[in-house]
Each structure stands twice: as C-alpha cells, then as structure tokens.
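Work through the exercises below with the model open beside you, and try each task before you read its solution.

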Amino acid sequence: VLPVPLIVARPVSSGELKHNTAAQEAVEKEWESLRRRGVWIEANVRERADVIREAKAAGKEIQFGRVHCICVEKNSELPLGDPKRRFKGRAVFLGNQVVNQDYEQALFAEMGNSPATLEGGRINDWYGCLPGHSGQTTDGVQAYCQAPLLGVLCWISLPPHAIKDKKLWATFRDPVTLLIFALYGHVDSPTSWEVHCDAMLALAGFEKIGAEWPPMFFHRKLRLLLSVYVDDFKMSGPTEHMDAERRLIGERIEIEPPTPLGLYLGCVQ
C-alpha cells in the first residue's frame, strides 16, 4: 500500500510559479519582508572584484553565496478554498554553493545549536497541568532573520526578480551585497539565532535551567517554564502570569500572538 503524502508541503515548480498569481504574491511577500528587516541592504551593492581585492589586501577571509526563493503550497490535501490551504514563499541561502575570496570551498566553524528535547516539552506540559497553571505556545516571526549573522562576513548575489533598484544593480558587472542577518540555509544561522534568542530571553528575566536541558528557561519571579525549539516557544506556569510571553518576550523578539496549547511541532495537544 502506497503511503498518502499528507502534512507535507507541496513544492511549486518554476513553471507553475510563472502562471500562479497566488504563488507569485507569496514569493514577493517573502522578498519584501526580508528587505524591510534589513537582512541585506540593497543600496549597499558592491562589485565582487572590488570586495575580493580589499579582503586580500587586508588578509581577511570572506565568503560569497547566492540567495534563492522557493515556494510551497501548505495543506494542499485540503479542499480548494480552505483558508488553511495557502502558498508560502521562503528565501534561502544556498549553503552548498559557498566560496571564499579565492573561489575555494568555504569552511564553516559549525558552531552548532541545541533545540529543546521531547522530554523538555513534556515537562513543560506537566508543569502547565498543575493546579492554577496553564500553558500556551507561539512562533517566532522569521526567527533566524531577527538575529545578526555571526562568523565570517558573507556577501550574496540576488536573483534579478528580487532586486527593486534594477537600474542601480545594472551598473555593476557582478553585483553583491553584504548579508547582515541570519538567513535560512546558512550554516551559521541556527547558532546566530540561538545566541540572539538566549540573550533576549535573559534580558526578559529567563534563566537557563542547565546544559542537560537545552534550551529550557525558568523565570524565578513569575515561576514560568519556557522551552524553545528553534522558533517554537512553549510556556507554562501560573495562569495570572501567562501574559508575560506577549509582554516580556514580545518586546524583544517578534512573535505571533500566543495561543492556548494546540499545534506544537506538528502535533495537536
């Protein structure tokens, strides 16, 4: 019996993208969001040869890569017209095509990151079931792109359709611009996001529980338990303090409006 491909986003081919208005709008929405966040500054375009010459003169290691946008249809198994069935664009850094200033394969520090474990999420569930307690979840909005990119400076090439100021970029033979914030696909992006997230949570009063429970946090004053799986936040504790996720965390990390426990890591609770 062949498996039914449910709960898998359907890839949208380049051919379909040329004729599908809804998919095109989803892709353009992604590009515009990244411009607004300043993930790169389009006006700071440089000639690749000039960047290489300056790096070699200074004896510095730099990297070059490309950004590409993919599109998928989420919940494509649902009937047409269902609000949950929608197109999603995602601009990604092509991490398998990165070279240095000598056009050699780029090397990364591979700093790594530690998402929350399944056991940590279950402990969070248990804590939320105590008398007078409750739980809720929320997602970080384009989480990686909120974090400054750590590691070696990385210059990127953009596809023509992603460039607003085409007249400016057309004056360069091989235009590149600096990647400022972490982007999906870059090897150092997960670590960049985790470092940024940990720092913002510390400012909000959350302390790490310990290396054996990565990354779980506790707010001693409000008695709130928080587990973070990449950009998925789950928090539990006294019900009267549950607005802290929106108030304390939301002031430092852009998050979706928190909701009661429901869909978390693909599972309905």
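The exercises go from the whole chain to one sheet and then to two single residues.

This is a predicted model, in which local features need pLDDT of at least 70 and side-chain atom pairs count only at pLDDT 80 or more, while totals for chains, interfaces and linings use all residues. Residues are numbered from 1 along each chain as its sequence is written, and side-chain values use heavy atoms, with hydrogens and water left out.

**Exercise 1. The whole chain**

Task: Describe the secondary structure, the extent and the burial of the chain.

Solution: Begin with the secondary structure, which comes to seven helices and 15 strands; helices (H or I, at least four residues) and strands (E, at least two) are DSSP runs, numbered from the N terminus. Next, take the extent: along the principal axes, the C-alpha atoms fill a box of roughly 65 × 50 × 40 Å. Finally, of the 269 residues, 44% count as buried, where buried means under 20% relative accessible area, exposed over 50% and partly exposed in between (1.4 Å probe, protein chains only).

**Exercise 2. The open sheet**

Task: Find the order of the six strands in the open sheet, and explain why one side of each edge strand has no neighbour there.

Solution: The order is E9-E10-E11-E12-E6-E13, with antiparallel pairing; two strands pair if DSSP finds at least two bridges between them. Strand E9 (207-208) and strand E13 (259-260) stand at the edges, and because each has a single partner strand, one side of each is left without a neighbour in the sheet. Helix H4 packs on this sheet and touches strand E6 (133-139), E10, E11 and strand E12 (232-238), a contact being heavy atoms within 4.5 Å.

**Exercise 3. Strand E11 and its partners**

Task: Follow E11 through its two pairings and decide whether it is largely enclosed or left open.

Solution: First, strand E10 (residues 216-219) and strand E11 (residues 224-229) pair in the antiparallel sense over four bridges. Within this pairing, phenylalanine 217 has leucine 226 as its bridge partner, and histidine 219 stands opposite leucine 224. The two strands form a hairpin with four residues between them, and arginine 223 in the turn has a positive phi of about 55 degrees.

Second, E11 and E12 pair in the antiparallel sense over five bridges, with methionine 235 in E12 as the bridge partner of leucine 226. Their hairpin has two residues between the strands, and here valine 230 takes a positive phi near 55 degrees.

Third, look at burial: five of the six residues of E11 are buried, so this strand is largely enclosed by the rest of the structure.

**Exercise 4. Two loop residues**

Task: Place glutamine 105 and proline 258 in their loops, and give the exposure and the contacts of each residue.

Solution: Glutamine 105 lies in the loop between strand E5 (99-100) and helix H4 (118-128). Its relative accessible area is 53%, so glutamine 105 is exposed, and, not counting residues up to four places away in sequence, it touches Asn96 and Val98.

Proline 258 is found in the loop between helix H7 (244-249) and E13, and it counts as partly exposed because its relative accessibility is 23%. With residues up to four places away in sequence again left out, proline 258 touches Gln136, Thr137, Thr138, Glu245 and Arg246. As a last step, compare sequence with space: proline 258 and aspartate 139 are 119 residues apart in sequence and 7.9 Å apart from C-alpha to C-alpha.

Notes. Axes are lines fitted to C-alpha atoms, for helices over the stretch in contact, and angles run from 0 to 180 degrees between N-to-C directions.
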